[in-house]
Amino acid sequence: MTNPTPGQPQALKRVFKFGDQVLDDPNPNMTPEQVKGFYAPQHPELTTAGIGSPVTDLKAGTVTTEFIKNYGRKG
């Protein structure tokens, strides 16, 4: 990784969380909805999960998006 020149914005690493699991960013060009779909075959609960607001941590250089399990009512 190269150091950015002064005044040049540094790209933040995207991190996706689902429960206690951290999911790698499969492609930085994917939307969070597409990432959710990418991981749905391994984690079927993602098909009904919501997407939380991204949380930026400038110190860590990350933007974390959490997939939230939906606990809807049946019946």
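Strands E1 and E2 pair in the antiparallel sense over three bridges, where pairing requires that DSSP find at least two bridges between two strands. The model is a predicted one, in which local features need pLDDT of at least 70 and side-chain atom pairs count only at pLDDT 80 or more, while totals for chains, interfaces and linings use all residues. Residues are numbered from 1 along each chain as its sequence is written, and side-chain values use heavy atoms, with hydrogens and water left out.

Within the E1–E2 pairing, Phe 16 stands opposite Leu 23 in E2. The hairpin formed by E1 and E2 has two residues between the strands, and Gly 19 takes a positive phi near 65° there. E1 also pairs with E5, in the parallel sense and over six bridges. In this pairing the bridge partner of Phe 18 is Phe 67 of E5.

The chain as a whole contains one helix and five strands, arranged along the sequence in the pattern β-β-α-β-β-β. These elements are DSSP runs numbered from the N terminus, helices being H or I runs of at least four residues and strands E runs of at least two. Of the 75 residues, 24% count as buried; buried denotes a relative accessible area under 20%, exposed over 50%, and partly exposed the range in between, with a 1.4 Å probe and protein chains only. The accessible surface of the chain comes to about 5900 Å², and carbon and sulfur atoms account for 53% of this area. Accessible areas were computed by the Shrake-Rupley method with a 1.4 Å probe, and for residues only the protein chains shown count as cover. Among contacts in the chain with a separation of 6 or more, 35% join residues 24 or more positions apart, a contact being defined by heavy atoms within 4.5 Å.

The largest nonpolar core comprises ten residues: Phe 16, Phe 18, Leu 23, Met 30, Val 35, Tyr 39, Ala 40, Leu 46, Ala 49 and Phe 67. E1 and H1 each supply at least two residues of this core. Such a core is a set of buried Ala, Val, Leu, Ile, Met, Phe, Trp, Tyr and Cys residues joined through side-chain atoms within 4.5 Å. Met 30, one of the core residues, touches Arg 14, Val 35 and Phe 38, when residues up to four places away in sequence are not counted.

Two aromatic pairs were found. Phe 16 and Phe 67 form a stacked pair, with 5.7 Å centre to centre and 5° between the planes. Phe 16 lies in strand E1 and Phe 67 in strand E5, so this pair ties together parts that are 51 residues apart in sequence. Phe 16 is buried, with a relative accessible area of 1%, and Phe 67 is likewise buried, at 1% relative accessibility. The rings of Phe 38 and Tyr 39 have centres 5.0 Å apart and planes at 90°, and the pair is therefore edge-to-face. Phe 38 is partly exposed at 40% relative accessibility, whereas Tyr 39 is buried at 11%. The rule for these assignments takes rings of Phe, Tyr and Trp (its six-membered ring) as paired if their centres lie within 6.5 Å, with planes under 30 degrees apart counted as stacked, over 60 as edge-to-face and the rest as tilted.

Side chains of opposite charge can pair when their charged atoms come close. A search of the whole structure finds two salt bridges, each defined by a side-chain nitrogen of Lys or Arg within 4 Å of a carboxyl oxygen of Asp or Glu. In one of them, Arg 14 pairs with Asp 25, the closest N and O atoms being 2.8 Å apart. Arg 14 lies in strand E1 (residues 13–18) and Asp 25 in the loop between strand E2 (21–23) and helix H1 (32–39), so the salt bridge ties together parts that are eleven residues apart in sequence. Asp 25 is partly exposed, at 24% relative accessibility. A salt bridge also joins the side chains of Lys 36 and Glu 33, at 3.6 Å from N to O. Lys 36 and Glu 33 are three residues apart in helix H1 and are thus separated by about one helical turn. Lys 36 is buried, with a relative accessible area of 10%, while Glu 33 is partly exposed at 47%.

Thr 62 belongs to strand E5 (residues 62–68) and is buried, with a relative accessible area of 14%. Not counting residues up to four places away in sequence, Thr 62 touches Leu 12, Lys 13, Val 15, Val 55, Thr 56 and Asp 57.
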